[in-house]
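Me: I've got a structure here that's new to me, and I'd like to know what sits behind the labels people use. Can we go through them one by one?

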Amino acid sequence: MEYDELVQKNQDGEIDDLEFLMSQPELATLFIEEMREKGLPYTNENAMQWLSGYENNNLYE
């Protein structure tokens, strides 16, 4: 699925943040690694927080 379609489905509530994140292999790998290091589960809440941090640290410099 293309990124724009994922964004639209996420904004429309068709997929949650965890599904959105896991549908992007490069980001999913980073998320999984960080959750494993911290001993945290793969939850929608953790995905939402991780995505927010990722955006702030990597996209808005």
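What follows is a chat about those labels, each set against its definition.

Reply: Sure, with a bit of housekeeping to start. This is a predicted model, where local features need pLDDT of at least 70 and side-chain atom pairs count only at pLDDT 80 or more, while totals for chains, interfaces and linings use all residues. Residues are numbered from 1 along each chain as its sequence is written, and side-chain values use heavy atoms, with hydrogens and water left out.

Me: How many helices and strands are there in the protein chain?

Reply: Four helices and zero strands. From the N terminus on, the elements run α-α-α-α. Helices here are DSSP runs of H or I with at least four residues, strands are runs of E with at least two, and both are numbered from the N terminus.

Me: What makes the protein chain as compact as a globular protein of its length?

Reply: Its radius of gyration is 11 Å, and the globule rule gives 10 Å for 61 residues; those are close, so the label fits. The radius is taken over C-alpha atoms, and the rule is 2.2 Å times the number of residues to the power 0.38. Along its principal axes, the C-alpha trace spans about 30 × 30 × 20 Å.

Me: Why is helix 3 called roughly perpendicular to helix 4?

Reply: The axes of helix 3 (residues 25–38) and helix 4 (residues 44–58) cross at roughly 115° and come within 11 Å. Roughly perpendicular is the name for 65 to 115 degrees (under 35 is roughly parallel, over 145 roughly antiparallel, the rest oblique), so that is what helix 3 is to helix 4. The axes are lines fitted to C-alpha atoms, for helices over the stretch in contact, and angles run from 0 to 180 degrees between N-to-C directions.

Me: Which residues meet there?

Reply: Leu27, Leu30, Phe31, Glu34 and Met35 in helix 3 meet Asn46, Ala47, Trp50 and Tyr54 in helix 4. They divide into seven nonpolar, one polar and one charged. Nonpolar covers Ala, Val, Leu, Ile, Met, Phe, Trp, Tyr, Cys and Pro; charged covers Asp, Glu, Lys and Arg; the others, Gly among them, are polar. Contact means heavy atoms within 4.5 Å.

Me: Why does Leu21 count as buried?

Reply: Leu21, in helix 2, has 0% relative accessibility, so it counts as buried. The cut-offs are under 20% relative accessible area for buried and over 50% for exposed, with partly exposed in between (1.4 Å probe, protein chains only). Leaving aside neighbours within four places in sequence, Leu21 is in contact with Leu27, Ala28, Phe31, Ala47, Trp50 and Leu51. From Leu21 to Phe31 is ten residues in sequence and 8.1 Å in space, C-alpha to C-alpha.

Me: How do you know whether Leu6 is buried or exposed?

Reply: Leu6 has a relative accessible area of 3%, so it is buried. Leu6 lies in helix 1 (residues 3–11) and, not counting residues up to four places away, touches Met1, Ile15, Phe20, Ser23 and Gln24. Gln24, in the loop between helix 2 (17–22) and helix 3, is buried too, at 12%.

Me: And what makes Leu40 partly exposed?

Reply: Its 37% relative accessibility puts Leu40 in that in-between class. Leu40 is in the loop between helix 3 and helix 4, and beyond its neighbours within four places in sequence, it is in contact with Met35 and Asn46.
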